[in-house]
Amino acid sequence: MAEQVGRRSEDREGEPEGARRASRVIRRELGMGGTLVAVAFLCASLSPSLLPRPWTLQGVVAGLAAVLGYGLGSAISAVLRRVFGLIPSPRARRVAWWLLVAGGAVVALSVLWFSADWQREIRLSVGMDPNIVWFIPLIALVALATFTALLALARAVRLGTRKLIALLGRFVPALVAKVAGLAVAGFLVSVFANDVLFAGFVEVMNNTSSLANGSTSPGIHAPASSRLSGGPGSLVSWGSLGRTGRDLIGTTPTKQQLSTFAGRPAKEPIRVYVGLDSAPTMAEQARLAVRELERTGAFDRAVLAVMGTTGSGWVDSDGADSLEYMYAGDTAMVAMQYSYLPSWLSFVVDQAKAAEAGRALVSAVEARLATLPAGGRPRLVAFGESLGSYFVEQGFGGDLDDLLTATDGVLLAGPPNANPIWRSVVARRDPGSPEWRPLYQGGKQVAFGQTPHDLADAGRPGLVYLQNASDPVVWWNPSLIWRKPAWLAEPSGPDVAPAMRWYPVVTFWQVVVDLTIALGVPDGHGHRYGPNLVNGWAAVAAPEGWTPADTDRLRTIIQYR
């Protein structure tokens, strides 16, 4: 028996170092450098971000941050050992581990305790009740479970890579095997992540969204008015509009409601919507939209509005209704769907579609307007929220001068950080103005606002951006991984928690998580604009005789209807 054990020991000693270590990759103990940075990242993830989050989500965020920190710390430790030869003695390692375990536990528990106060601070900043349920022990357990699962997955990938390198090492030199193995492993992980996990997720979401697109929201019915798409005589069938298109058409204010607000007889508003199933191509959709505008008499109205849609074809009814109330129904608006996917996912995979749809619709509308005499055209305005603002910007060529020249007023709310015109204007803002409330050339052509007061003295700019300082859609950008953003410089925005700080890598993932809960806050915060859209329209496209008192009355209707 002893001879057999000795023989097995000799066999192990004869194995390559990489092969012996490979079998222990997944179950080996934690590294000190990785653990140190993991604790630091975990604590940073508990600090305030833009929006309040439930304790369950906080646990997941903490676990994700910890595993990212562990990977970074392990990489730094490896460089220090192999490049600089910095290897502590066994005694020094034991002392360091005791200090790390004791100190890390104290710091982590302290930060966990303070995290409840930070969450209350965030809730107060966005106008929410600060009384919350915050299960600190359960947050720690969720974080630990998330960390363990992700670390095991990462180690499994590492083990597979080592096995591959060992296999290749039988046929080619060691250096070639290592380079080739790392390249193949990276390629396979990339393919699996993009073409299997992400592509599969997108396909599932697309199938699910297409089914939802065929449904109709409760209380929404086909219109009886010929002025609305899907109604009598419409060139677009009610069934082809899609769920969000039917929502927009089915919630049109009535002539009586508009008359009551205006104090005079109102016109029946015109709403034209072309769904993804209404025509086979975007170009045909755009041409169909123009024919539908002609059928409804849209070119005889005072105002014609191009409404940018999000991925699923959604248009904020607050923005649509506000314009119709302002003009007592003497309006026409047109929108076009280009995807089934929800806005956040469509922005990742369908940006090109949004741009193409915007250009197709705007080009078709402009070509038809060009056939009318200069004095007989409706005022052309545009509106877009979230990805819909990207639709509008790209529709007018992504150039500020072209946008201002072609339109009589544009209102864009919650613009994503990738919007070309927004990025250009913010980058060239007047010195001294913060990124969360920039001033561009004195505000004569472009104005920014969040609260009603921000636009009270805006004059009559050609373009108004509504952007909440706490809106993650506006601020999410990959550069958050390595660079502190200008919008977190002092002073911070009015609804951003004063204790929020930027941390490399961590803040990026905090804002990613904020994207998923951006609508779970009151109007005027996060990605909710609500009655503030009234102030935006009043600044950029108010009709003659419109007063601040009219704005207040309309805000009340939009807010409390």
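**View 1. Asn-417 sits in the loop between strand 5 (410-413) and helix 16 (420-427).** Helices (H or I, at least four residues) and strands (E, at least two) are DSSP runs, numbered from the N terminus. This is a predicted model, in which local features need pLDDT of at least 70 and side-chain atom pairs count only at pLDDT 80 or more, while totals for chains, interfaces and linings use all residues. Residues are numbered from 1 along each chain as its sequence is written, and side-chain values use heavy atoms, with hydrogens and water left out. Asn-417 has a relative accessible area of 11%, so it is buried. Here, buried means under 20% relative accessible area, exposed means over 50%, and partly exposed lies in between (1.4 Å probe, protein chains only). The side chain of Asn-417 makes a polar contact of 2.7 Å with the side chain of Asn-477. Another, of 3.0 Å, links the side chains of Asn-417 and Arg-423. A polar contact is a pair of N or O atoms within 3.5 Å; within protein, one must be able to donate a hydrogen and the other to accept it, and residues adjacent in sequence count only if both atoms are side-chain atoms. Leaving aside neighbours within four places in sequence, Asn-417 is in contact (heavy atoms within 4.5 Å) with residues including Trp-422, Val-473, Val-474, Trp-475 and Trp-476.

**View 2. Thr-216 lies in the loop between helix 7 (174-213) and helix 8 (242-250).** Thr-216 is partly exposed, with a relative accessible area of 35%. Not counting residues up to four places away in sequence, Thr-216 touches Arg-243 and Arg-246. The side chains of Thr-216 and Arg-246 are joined by a polar contact of 3.0 Å. Look also at Asp-247. Its C-alpha atom is 7.7 Å from that of Thr-216, although the two are 31 residues apart along the chain.

**View 3. Two loop residues, Ala-328 and Gln-441, have positive phi values.** Neither Ala-328 nor Gln-441 is a glycine. Phi of Ala-328 is near 50°. Ala-328 belongs to the loop between helix 11 (317-326) and strand 3. With a relative accessible area of 3%, Ala-328 is buried. Phi of Gln-441 is about 50°. Gln-441 is found in the loop between helix 16 and strand 6 (446-449). Gln-441 is partly exposed, at 46% relative accessible area.

**View 4. Helix 13 (residues 351-369) spans the length expected for its 19 residues.** The expected span is 1.5 Å times one less than the number of residues. That gives 27 Å for helix 13, and its end C-alpha atoms are 27 Å apart, so the two agree. Among its buried residues are Ala-354, Gly-358, Leu-361, Val-365 and Leu-369. What covers the buried residues includes helix 10 (282-296), strand 2 (303-307), strand 3 (331-336), strand 4 (379-385) and helix 14 (387-395).

**View 5. The second largest pocket holds about 600 Å³ of space.** Of its 23 lining residues, Val-39, Leu-42, Gly-104, Ala-108 and Leu-144 are the closest to its centre. Helix 3 (32-45), helix 4 (55-82), helix 5 (90-125) and helix 6 (136-168) each give two or more residues to the lining. Helix 5 gives the most, with 8 residues. On a 1 Å grid over the protein atoms alone, a pocket is an open set of points where a 1.4 Å probe fits, with protein on both sides within 12 Å along at least five of seven lines; lining residues have an atom within 4 Å of a point. Grid points are joined across faces, edges and corners, and the volume is the space filled by probe spheres set on the points.
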